[in-house]
Amino acid sequence: MAQRSAAAVPPKAARGGRPAATSHVDLAHVALELFSTRGFEATTVDDIADTAGIGRRTFFRYFSSKNDAVWGDFDAELRRMEDYLAARPADEPYMTALHGAILDFNTYSAAEAPWHRRRMELILTVPALQAHSTLRYADWRQVVAAFVAGRLGAAADDLVPQTVAYALLAVCVAAYERWLADPGAELTALLDAGLRLLESGLRT
């Protein structure tokens with residue numbers, strides 16, 4: 001769910017003289033900073049908009065709620081994942097394609113990685129966000145299931161596509177929990193190890 005690009009917000013002077021947030025990325029960073037310092041429940045949409053130097057209406061052009069602000073431009077990242085998978089060779093095993101897609105989906109620049117750590121700490125520890133995450137996880141699983149179904153000539157809600165989607169999500173969540181617990185760990189290395197274990201049939 002890396003943050004890579006976004007449309008611009010009309011500039012406006014932000015509180016304290018800081019530049020106004022001008023993209024999904026910038027606005028998400030403002031929200032993450034406030035959530036980390038004030039707490040998720042104590043931070044309102046108005047707080048985020050005011051700190052970002054934008055109006056409340058402009059905030060809702062980018063995110064439907066403060067819950068969504070934590071996830072950044074997740075819909076764009078899902079579309080990018082779909083494009084990645086669609087471009088894979090037809091004869092490439094679907095698990096190999098998904099392995100590459102997941103590593104690509106979870107690769108962050110050195111500048112973005114600390115923000116993503118804050119994001120995942122919130123998602124995995126704040127009860128309100130844990131509930132909201134079920135919707136986002138379902139969207140992610142649908143991308144995986146649709147791809148597997150296409151390769152197998154099956155329906156996305158058939159057993160195999162759904163099993164693959166749930167299993168891969170479990171690997172990702174386990175890797176993220178380990179990454180948050182160990183500041184020295186590399187996220188993509190954890191994901192790669194978990195994916196290889198799954199692909200081996202969980203044989204060590």
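This is a short tour of a predicted model, stop by stop, with something to select at each one.

**The whole chain**

Start with a cartoon view of everything. The protein chain has 10 helices and 0 strands, and from the N terminus on its elements read α-α-α-α-α-α-α-α-α-α. Now colour by burial: of the 204 residues, 46% count as buried. If you show contacts too, take those with a separation of 6 or more: 66% of them come from residues 24 or more positions apart.

**Aromatic rings around Trp71**

Next, show the side chains of Phe, Tyr and Trp. You can look for 7 aromatic pairs in the structure. Begin with Trp71 and Phe74, an edge-to-face pair with 5.0 Å from centre to centre and 65° between the planes. Are these two residues buried or exposed? Both Trp71 and Phe74 are buried.

Keep Trp71 selected and add Tyr137. Here is another edge-to-face pair, at 5.9 Å centre to centre, with the planes at 80°. This pair links distant parts of the chain: Trp71 belongs to helix H4 (residues 66–71) and Tyr137 to helix H8 (residues 127–152), 66 residues apart. Trp71 counts as buried because its relative accessible area is 3%, under the 20% cut-off. Tyr137 has 18% relative accessibility, so it counts as buried as well.

Add Phe105 to the selection and you have a cluster: ring pairs link Trp71, Phe74, Phe105 and Tyr137.

**Helix H6**

Phe105 is also your way into the next stop, since it is one of the buried residues of H6. Select residues 94–105 to see this helix of 12 residues. Want to try the distance tool? At 1.5 Å a residue, H6 should span 16 Å, and its end C-alpha atoms are 16 Å apart, so the two values agree.

Which residues of H6 are buried? They are Ala97, Leu98, His99, Ala101, Ile102 and Phe105. As you click through them, bear in mind that an α-helix has 3.6 residues a turn, so residues three or four places apart point the same way. Then bring in the surroundings: what covers the buried residues of H6 includes helix H5 (74–86), H8, helix H9 (159–181) and helix H10 (187–199).

**The largest pocket**

Switch to a surface view and head for the largest pocket, which holds about 170 Å³ of space. To find it, select its lining: Asn106, Thr107, Tyr108, Ala113, Pro114, Arg117, Trp179, Pro183, Ala185, Glu186, Leu187 and Thr188. The elements that each give two or more residues to this lining are helix H7 (113–125) and H10. H7 gives the most, with 3 residues.

Two of the lining residues, Arg117 and Trp179, deserve a zoom. Arg117 lies over the face of Trp179, at 4.1 Å from the ring centre.

**His116 in helix H7**

While you are on H7, click His116, which is found in this helix. His116 counts as buried because its relative accessibility is 0%. Now add Val70 and draw a line from C-alpha to C-alpha: His116 and Val70 are 9.4 Å apart in space, with their positions 46 residues apart in sequence.

**One last ring**

To finish, select Lys66 and Phe40. What lies over the face of Phe40? That is Lys66, at 4.5 Å from the ring centre.

Definitions and conventions:
Residues numbered from 1 in each chain as written. Predicted model: local features only at pLDDT ≥ 70, side-chain atom pairs only at ≥ 80, totals over all residues. Heavy atoms only, no water. Phe/Tyr/Trp six-rings, centres within 6.5 Å; stacked < 30°, edge-to-face > 60°. Buried < 20%, exposed > 50% of the residue type's maximum accessible area, 1.4 Å probe, protein only. Helix = DSSP H or I, 4+ residues; strand = E, 2+ residues; numbered from the N terminus. Lys NZ or Arg CZ within 6 Å of the ring centre and 35° of its normal. Expected span 1.5 Å × (residues − 1). Contact = heavy atoms within 4.5 Å. 1 Å grid on protein atoms, 1.4 Å probe; cavity = no way out; pocket = protein on both sides within 12 Å on 5 of 7 lines; lining within 4 Å. Points joined across faces, edges and corners; volume = space filled by probe spheres on them.
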